[in-house]
Amino acid sequence: MKSAVQLKKIKNDLIKKGVKYCIGAYVDIHGVPKGKFVPIEHFEHFAEGSELYTGYALDGLGQEPNDDEISSVPDVSSIIQLPWRKEVAWMPADNHFHGQPYPLNSRVLLKNVLAEATKMGFGFNLGIECEIYVLKQDERGKLYVPNHDDNLEKSCYDVKRFMDVFPWLDDMVTIMNNLGWDVYSLDHEDGNSQFEFDFKYADALTMADRYIFFRYMAKAVAAQHGLLATFMPKPFADKTGNGAHFNMSLRDLRTGKNLFESKKDPRGLGISPLGYSFVAGILRHGRALCAVLAPTVNSYKRLIRRGAMSYYSWAPVFNSFGTNNRTNSIRIPMGGGRCESRNADSSCNPYLAAALVLAAGLEGVREKLDPGEPHHENLYELSPAELEKIGVQELPRTLGEAVEAFETDPFIEKVLGTGLRNEFIKYKRAEWEGYHQSISQWEIDRYARLF
């Protein structure tokens, strides 16, 4: 906690920069930011957690109407002055209850799991690849690609279609680099009007904070350009989905060394024994973890081999690991030194997902698990019998199946606690049931005149 003198200095600095309002943005169970806006004159009280909330009004915070309120405590070391609305200062925040961090808040959860890693001497490096569609929506709510030229069957890396949206892309990168995120690559992705931003990895808490802000920023900046930025995992059946691949490694807290790097890896992937054990821990709980890495009904329309597409989807379908081979859910990129979870998508709550993936990896490290040999083959081409023969298990095919795997794995409750585990199951099961109670256009088109 900052001292009164430090808080007053921060406030005065913000006033000099033109800030009039502050928000401490905590997230609900879906990773959607929430909070009250506080005039800068009340900054000191705001920083100490003055703002109270009825938890029952929010998804996944485990409260009833008769419960005491929760508070929001902002991280005043991570202030962002909104570049497009300089009157507002944004801060990530934790929920507290009766003066203590609230265990059903997913950012609090991630901090707790990071503390366990610290006890083991590890820091957790995380990079999230940000994929996004920029579209428009017609009067009936249908999404469409606004650029008529962006119609190639394979538009990945296309320069002309990239430059067509250059003003929005340039605004995005300018903001990100001014915030110190160090964008090192961006491109047109496989889908029409789909783009990816890659920026330097950070510690997991910082990266999760940035991903929450990235989603908010992308939508705000796109709206200024007359566009709709969507993080829906699969907005079009015949186009690739939006991933949010987690690139992960552990570092030595004392030296900063990447503990996954190895030049003596007998398997030739550039990964240390500790790195392999981390991967094995994730694979042990891979089906259950899929529920938080791919947490929506729509997510499982992305996790397919091909579906309505004319070529393979690039998305993982199997709980497996391998080389640069993108048919595995865990990939070891060329050069080694990290592992990539490919089933994470753009709808995930990054705090919740990172906490569980890290906890699973640490379990693998503690128990010195071995993931077996990496898979080099095109797993998409193998039959169920062939997959069974090589011991490769499919990831869940639906949100309902993923929630079932989540519910039946005792590891989940051990990490989340009973309250947060049950809240996730309750909301995601309701989402799955709500989906089946709705009538889609596909059903009307197929059945209304059939019989």
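Select D238 and K239 to begin. In this predicted model, their side chains meet in a salt bridge, with N and O 3.4 Å apart. Side chains of opposite charge can pair when their charged atoms come close. Now show the surface. D238 is partly exposed, at 43% relative accessibility. K239 is buried, with a relative accessible area of 15%; it counts as buried because that value is under 20%. The structure holds 22 salt bridges, and the next stops show some others.

**Two long-range pairs**

Select R267 and E373. They form a salt bridge, and the closest N and O atoms are 3.5 Å apart. This pair links distant parts of the chain, 106 residues apart. R267 sits in the loop between strand 16 (246-252) and helix 7 (273-284). E373 sits in the loop between helix 9 (350-366) and helix 10 (384-389). R267 is partly exposed, with a relative accessible area of 22%. E373 is exposed, at 55%.

Go on to R305 and E394. Here the salt bridge has its closest N and O atoms 3.7 Å apart. Again the pair joins distant parts of the chain, with the two positions 89 residues apart. Look for R305 in the loop between helix 8 (286-293) and strand 17 (318-319). E394 belongs to strand 21 (residues 393-394). Both partners are partly exposed: R305 at 24% and E394 at 30%.

**A network**

Select D75, D94, R107, K111 and D209 together. Salt bridges link these residues in a network.

**The sheet**

Switch to cartoon view. Find the open sheet of 6 strands, in the order 14-9-16-20-19-18, with mixed pairing. Which strands form its edges? They are strand 14 (202-203) and strand 18 (321-322), and each pairs on one side only. Strands of a sheet pair through backbone hydrogen bonds, either parallel or antiparallel. Zoom in on strand 9 (residues 122-128). Strand 9 and strand 14 pair in the antiparallel sense over 2 bridges. Select L126 there: A202 of strand 14 stands opposite.

**The cores**

Show side chains next. The largest nonpolar core has 113 residues. Select W168, F197, F214, M217, F246 and F278, which touch the most other members. Helix 6 (residues 204-224) gives the largest share of this core, 13 residues.

Centre on F214. What is F214 in contact with, leaving aside its neighbours within four places in sequence? Its contacts are C130, M172, M176, W181, F197 and F231.

Another core lies apart from that one. It has 13 residues, among them L7, L14, F43 and V76.

**A surface patch**

Bring the surface back. Select W442, Y447, L450 and F451. They make a nonpolar surface patch of about 540 Å². L450 lies in the segment after helix 13 (441-447).

**Two positive phi angles**

Most residues other than glycine have a negative phi, and most peptide bonds are trans. The last two stops have a positive phi.

Select H98. It is not a glycine, yet its phi is positive, about 55 degrees. H98 is in the loop between strand 7 (88-97) and strand 8 (100-101). Is H98 buried or exposed? At 57% relative accessibility, H98 is exposed.

Finish at K368, another residue that is not a glycine, with a positive phi of about 50 degrees. K368 is found in the loop between helix 9 and helix 10. K368 is exposed, with 70% relative accessibility.

Note on methods. Residues are numbered from 1 along each chain as its sequence is written. This is a predicted model: local features need pLDDT of at least 70, side-chain atom pairs count only at pLDDT 80 or more; totals for chains, interfaces and linings use all residues. Side-chain values use heavy atoms; hydrogens and water are left out. A salt bridge is a side-chain nitrogen of Lys or Arg within 4 Å of a carboxyl oxygen of Asp or Glu. Buried means under 20% relative accessible area, exposed over 50%, partly exposed in between (1.4 Å probe, protein chains only). Helices (H or I, at least four residues) and strands (E, at least two) are DSSP runs, numbered from the N terminus. Two strands pair if DSSP finds at least two bridges between them. Patches are made of residues with over 30% relative accessible area and no salt bridge: like charges are joined within 9 Å, nonpolar side chains (Val, Leu, Ile, Met, Phe, Trp, Tyr) within 5 Å. Accessible areas come from the Shrake-Rupley method with a 1.4 Å probe; for residues, only the protein chains shown count as cover. A nonpolar core is a set of buried Ala, Val, Leu, Ile, Met, Phe, Trp, Tyr and Cys residues joined through side-chain atoms within 4.5 Å. Contact means heavy atoms within 4.5 Å.
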